[in-house]
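Me: I would like a careful, close look at a single part of this model, with enough of its surroundings to make sense of it. Please take your time and keep the explanation connected.

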Amino acid sequence: MDTEAPSPVIRLIGVEKALGGQPVLKGVNLEIPRGKVTTVIGKSGGGKSVLLKHMIGLLRPDRGQVLVDETDITRLRAHDLNEVRKKFAMLFQGAALFDSLTVLENVAFPLREKTKLRAAEVDRKVLEMLEAVGLTGMGHKFPAELSGGMRKRAGLARALVMGPEIILFDEPTTGLDPLLARTIHDLILETQRRFGFTAVMVSHEIPEIFGISDYVAMLLDGVIAEMAPPEQFQRTRHPGVREFINVGTRPEVVSSGAGRETREL
Amino acid sequence: MVTTAVAGVGRRSLWLVGEMGRMMIFLISTVAWMVRPPFRVMQVLKQIHFIGVKSLFVIVLTGAFTGMVLGLQGYYSLRKFGAEGLLGSAVALSIIRELGPVLSALMVTGRAGSAMTAEIGIMRITEQIDALDTMAVSPMQYLIAPKVLASVLIMPMLCSIFDIIGIYGGYMVGVNLLGVGSGAYISSMESSVEWKDVYGGFLKALSFGVIISWVCTYKGYHTTMSAEGLGTATTEAVVLSSVLILIWDYFITSVLM
């Protein structure tokens, strides 16, 4: 791990958000280092996705600031926010491909909407991206005809195609079997190394994410309880964080403990 | 006990006022996005196909039977006064002024409006709308505005098809089945239907097009994140759209008369 901390590309300062009267984020302070893979872990329903959506302005905080390259996006008007969003891409939980378009059209969508590239150029880029995510020859299929893993790959291709500085991943491996989850993780890491974007990932895949992240942060009770490089993170003394990351290694603990209890009963 | 009831009424009223405001803002922002480039011609054409062409069959079917039953009812009512000759006028006026616009709007609500709500609702639940936002493409412009524009353009056409088929249905029953004179049917229609009736009917169809697409896209856009939420949204869209069509019909008629 580098000793010098890269400059933060996204900074959240005291972000608070309540949804449906329930406080979800209670003063989140977080810095996302440039060009690295940062993973935010936390309980299901603990506000991880909410946190991610604040970074790209899909949600606005009740209080606090979200700085992207030192621009506070919480106060931007729609037009200026769209300018900032050009730096971003997001891979959604269900990949959020447009049902009415083929994979090819889905990946071409941002290019056709936001650039003036000629059709041949668009096609070339799209095919290149499909190849990068291992979907060569699948371009003519509709999202409904794809498996969960393939949909994630297509979503990743769509995210990559504009060459964004930052890609947000909302639980990229949810609903995939462990083997497929690993392939997707590897793919994210591989493309990150190749294209050099800043990756922010939200996940609860412990311990897999330790292997692919440069930094790990834990969202606990609406605040960031801990943020560190993986090795350091795993040695944390924070009791709440310890409890959460130990679940990943629980099988031995549970089997020995449970075994003893049954015998006593 | 009394205070809870009053508080409940107050809460409902506040919600209602808030909802009306949100719907109004939604409509205004749709129109604002409609007149801003890039213009989504392909999207509008697709929607015209979906709302218009695909509703044709049901419009023709309901139009024919509405006209036929009017012919039947009208004939037996008018015969009491010995005025069967006025059947053409009775059928044409009720269809052009009232039944054409209202029934075609209700049919389109059931067929295309509910599908609109479901489509947008699913896009909301599966985060496709958020995805558009993150790509800096306005969902209002890409999704909503083409639907509203298409349905405003297509409703008067569907209504006129309903009118023609309905009048012909009345003709079939009155002339071919019950023996009203063909000349009497046509000439009574000709002498009683005025341009302002046709114009009024089109104006109604136009405004119903706004109501259908507005209510149905709004409900889809604000679907809550569940399958149940989607079902509720679709039901609410169809009910609210139908009710608004009938209420608005009364007011616009009272102004046109």
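In what order do the elements of chain B run from the N terminus on? After that, please look closely at Ala205(B): where is Ala205(B) found, and is Ala205(B) buried or exposed?

Reply: This is a predicted model, and the predictor's own scores are a sensible place to begin. For the complex, the predictor gives an ipTM of 0.83 together with a pTM of 0.85, while chain B has a mean pLDDT of 92, with 100% of its residues reaching 70 or more.

To take the order of elements, chain B reads α-α-α-α-α-α-α-α-α when followed from the N terminus, which agrees with a count of nine helices and zero strands. The C-alpha trace of chain B spans about 65 × 55 × 30 Å along its principal axes, and of the 257 residues in this chain, 41% are buried. If we consider the contacts in chain B between residues at least 6 apart in sequence, 88% of them join residues at least 24 apart.

With that setting in mind, we can turn to Ala205(B), which is found in helix α8 of chain B, the helix made of residues 195–221. Ala205(B) counts as buried because 25 other C-beta atoms lie within 10 Å, and the cut-off for that label is 20 or more. Leaving aside residues up to four places away in sequence, the residues that Ala205(B) touches are Pro101(B), Ser104(B), Ala105(B), Met155(B), Pro156(B) and Cys159(B). One of these, Cys159(B), is 46 residues from Ala205(B) in sequence, yet the two C-alpha atoms are 6.4 Å apart in space.

The next step is to look at the nonpolar core. The largest one has 127 residues, and those touching the most other members are Val107(A), Ala157(A), Ile167(A), Leu168(A), Phe169(A), Val200(A) and Ala217(A). Its largest share, however, comes from helix α6 of chain B (residues 139–177), which gives 15 residues. Ala217(A), one of the residues just named, touches Leu30(A), Thr38(A), Val40(A), Ile224(A), Glu226(A) and Met227(A), again without counting residues up to four places away in sequence.

The backbone of the model also has some details to follow with care, beginning with cis peptide bonds. In chain B, the peptide bond from Pro37(B) to Pro38(B) is cis, with omega near 0 degrees, and Pro38(B) is found in the loop between α1 (2–34) and α2 (41–52). In chain A, a cis peptide bond joins Ile206(A) and Pro207(A), where omega is about 5 degrees, and Pro207(A) lies in the loop between β8 (198–203) and α7 (208–212).

Positive phi values are another such detail, and two residues of chain A illustrate them. Glu70(A), a residue other than glycine, has a positive phi near 70 degrees and lies in the loop between β4 (63–68) and β5 (71–72). Ala95(A) is not a glycine either, although its phi is positive at about 75 degrees, and Ala95(A) is found in the loop between β6 (88–91) and α3 (103–114). Their surroundings can be read from the neighbour counts: Glu70(A) is exposed because 9 other C-beta atoms lie within 10 Å, whereas Ala95(A) is buried because 26 other C-beta atoms lie within 10 Å.

To come back to the part you asked about, Ala205(B) is a buried residue in helix α8 of chain B, and its contacts include Met155(B) and Pro156(B).

Key. Residues are numbered from 1 along each chain as its sequence is written. Chains are lettered from A and ligands numbered from 1 in the order in which they are written. This is a predicted model: local features need pLDDT of at least 70, side-chain atom pairs count only at pLDDT 80 or more; totals for chains, interfaces and linings use all residues. Helices (H or I, at least four residues) and strands (E, at least two) are DSSP runs, numbered from the N terminus. A residue is buried if 20 or more other C-beta atoms lie within 10 Å of its own, exposed if 12 or fewer, and partly exposed in between; C-beta atoms are placed from the backbone. Two residues are in contact if their C-beta atoms, placed from the backbone, lie within 7 Å. pLDDT is the predictor's confidence in each residue, from 0 to 100. A nonpolar core is a set of buried Ala, Val, Leu, Ile, Met, Phe, Trp, Tyr and Cys residues joined through C-beta atoms within 7 Å.
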